[in-house]
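Work through these exercises with the structure in view. Try each task before reading its solution.

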Amino acid sequence: MGQCYYNETIGFFYNNSGKELSSYWRPKDVVVVALGLTVSVLVLLTNLLVIAAIASNRRFHQPIYYLLGNLAAADLFAGVAYLFLMFHTGPRTARLSLKGWFLRQGLLDTSLTASVATLLAIAVERHRSVMAVQLHSRLPRGRVVMLIVVVWVAALGLGLLPAHSWHCLCALDRCSRMAPLLSRSYLAVWALSSLLVFLLMVAVYTRIFFYVRRRVQRMAEHVSCHPRYRETTLSLVKTVVIILGAFVVCWTPGQVVLLLDGLDCKSCNVLAVEKYFLLLAESNSLVNAAVYSCRDAEMCRTFRRLLCCMCLRRSSHKSAHYTSSARTGASTCIMLPENGHSLMDSTL
């Protein structure tokens, strides 16, 4: 092992990798931070809403919704991590200590890994549900909790490894350009891992699609409901295309540049697009809430009830006359009878 540089500054490693470390706010930095702050706030709000909906509605206390809740938690964490990045980027990067830089990078790596791993877990759970001909799988809660724990252990492992061993502080010739303190091999492994997850998701959802199409087609032959068969098939195709399409659009550009940098492509100008592709990957945490939650009719109804309650409670501070009716509406929209349906009246 060669000489280690634990006492050097961030600027030393950026100069070594050839990555510019600006001492002032460039227009490009301002645009990236403005977009990043906007995306982060939206990610935080939407995923908080998803978590609140799952926690407040007993009908969502099923394995698939536990995993959706974990996805929302991972994406919420990603929003916090990216928000932290936005407040420690640009000229502020040079003022970071080595531990501060590894903390900034570790938060991102951990949250995004947890999000991607949960997407795969959801695909596997849906496959199990479909094959068992159940709306929601009967997977025991203990096994769901264990699956979630495994996801976070793997995410924490990938997030903490660079700070403890998978860095280039003792091998400057192995430093990447996009992340000047990390080894190129780490970037390559991270990119290939995400690619493997995507391929597994493609395999799982393809199997689900063909299984459901065959089953619905056989049912259609017996009951002569071909229009319904076409509608079900098209709906399934639409869902699969949205899920896989969102993953490809948000993740592929970033994974490509990570892999190119990890393979030490000298002619590839990865630094010109890295910040925008990272922002695109972060936006997947916003897209997930729409793809996996907002397409659920019951989830959308729960969103409306929660937002309705918030609006009614907020307006109750403006008018004494309106306070009484607003509080009545707020209490009405959160009451659930034994059958799980909300009690709503004309005030809503």
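A disulfide is a pair of cysteine sulfur atoms within 2.5 Å. Keep in mind that the model is predicted.

**Exercise 1. Find the disulfides, and give the handedness of the link between Cys4 and Cys170.**

Solution.
- Step 1: Search the whole structure. Three disulfides turn up.
- Step 2: Take Cys4 and Cys170. Their sulfur atoms are 1.9 Å apart, and the cut-off is 2.5 Å, so the two form a disulfide.
- Step 3: Look along the S-S bond. The angle about the bond is 110°, and the link of Cys4 and Cys170 is right-handed.
- Step 4: Place the two ends. Cys4 sits in the segment before helix H1 (10-17), and Cys170 in the loop between H5 and helix H6 (184-223), so the pair ties together parts that are 166 residues apart in sequence.
- Step 5: Check exposure. Cys4 has 28% relative accessibility and therefore counts as partly exposed. Cys170 has 12%, so Cys170 counts as buried.

**Exercise 2. Describe the disulfide of Cys168 and Cys175, then that of Cys265 and Cys268.**

Solution.
- Step 1: Cys168 and Cys175 have their sulfur atoms 2.0 Å apart, in a disulfide.
- Step 2: The torsion about their S-S bond is about 100°, so the disulfide of Cys168 and Cys175 is right-handed.
- Step 3: Cys168 and Cys175 are both buried.
- Step 4: Cys265 is joined to Cys268, with 1.9 Å from S to S.
- Step 5: Here the torsion is about 65°, so the disulfide of Cys265 and Cys268 is right-handed.
- Step 6: Cys265 and Cys268 are buried.

**Exercise 3. Which cysteine sulfur is nearest to that of Cys311, and is Cys311 in a disulfide or in none?**

Solution.
- Step 1: The nearest cysteine sulfur belongs to Cys308, 7.0 Å away.
- Step 2: A disulfide needs sulfur atoms within 2.5 Å. Cys311 is in no disulfide.
- Step 3: Cys311 has a relative accessible area of 51%, so Cys311 is exposed.

**Exercise 4. Test the length of helix H5 (residues 141-164) against the expected span.**

Solution.
- Step 1: Helix H5 has 24 residues.
- Step 2: At 1.5 Å a residue, H5 should span 34 Å.
- Step 3: The end C-alpha atoms of H5 are 34 Å apart, which agrees.

**Exercise 5. Sort residues of H5 into buried ones and ones on the surface.**

Solution.
- Step 1: List the buried residues of H5. They are Val144, Ile148, Val151, Trp152, Ala155, Leu158, Gly159 and Pro162.
- Step 2: Recall the geometry. An α-helix has 3.6 residues a turn, so residues three or four places apart point the same way.
- Step 3: Turn to the surface. Val145, Met146, Val149, Val150 and Val153 form a nonpolar patch there, with about 450 Å² of accessible area together.
- Step 4: Pick one from the patch. Val149 is in helix H5. At 41% relative accessibility, Val149 counts as partly exposed.
- Step 5: Pick one from the buried list. Val144 is in H5 too. At 1% relative accessibility, Val144 counts as buried.
- Step 6: Look for a partner. The C-alpha atoms of Val144 and Leu67 are separated by 7.7 Å, though the two are 77 residues apart along the chain.

**Exercise 6. How much helix do two spans annotated as "transmembrane region" hold?**

Solution.
- Step 1: Go to the record. In an unreviewed UniProt entry, the annotation covers residues including 64-87 and 107-124.
- Step 2: Residues 64-87 are 96% helix and 0% strand, with end C-alpha atoms 35 Å apart.
- Step 3: Residues 107-124 are 100% helix and 0% strand, and their end C-alpha atoms lie 26 Å apart.

Technical notes: Residues are numbered from 1 along each chain as its sequence is written. This is a predicted model: local features need pLDDT of at least 70, side-chain atom pairs count only at pLDDT 80 or more; totals for chains, interfaces and linings use all residues. Side-chain values use heavy atoms; hydrogens and water are left out. UniProt positions are given in the numbering used here, feature names are shortened, and annotations may be inferred rather than shown by experiment. Helices (H or I, at least four residues) and strands (E, at least two) are DSSP runs, numbered from the N terminus. The expected span of a helix is 1.5 Å times one less than its number of residues. Buried means under 20% relative accessible area, exposed over 50%, partly exposed in between (1.4 Å probe, protein chains only). Patches are made of residues with over 30% relative accessible area and no salt bridge: like charges are joined within 9 Å, nonpolar side chains (Val, Leu, Ile, Met, Phe, Trp, Tyr) within 5 Å. Accessible areas come from the Shrake-Rupley method with a 1.4 Å probe; for residues, only the protein chains shown count as cover. A salt bridge is a side-chain nitrogen of Lys or Arg within 4 Å of a carboxyl oxygen of Asp or Glu.
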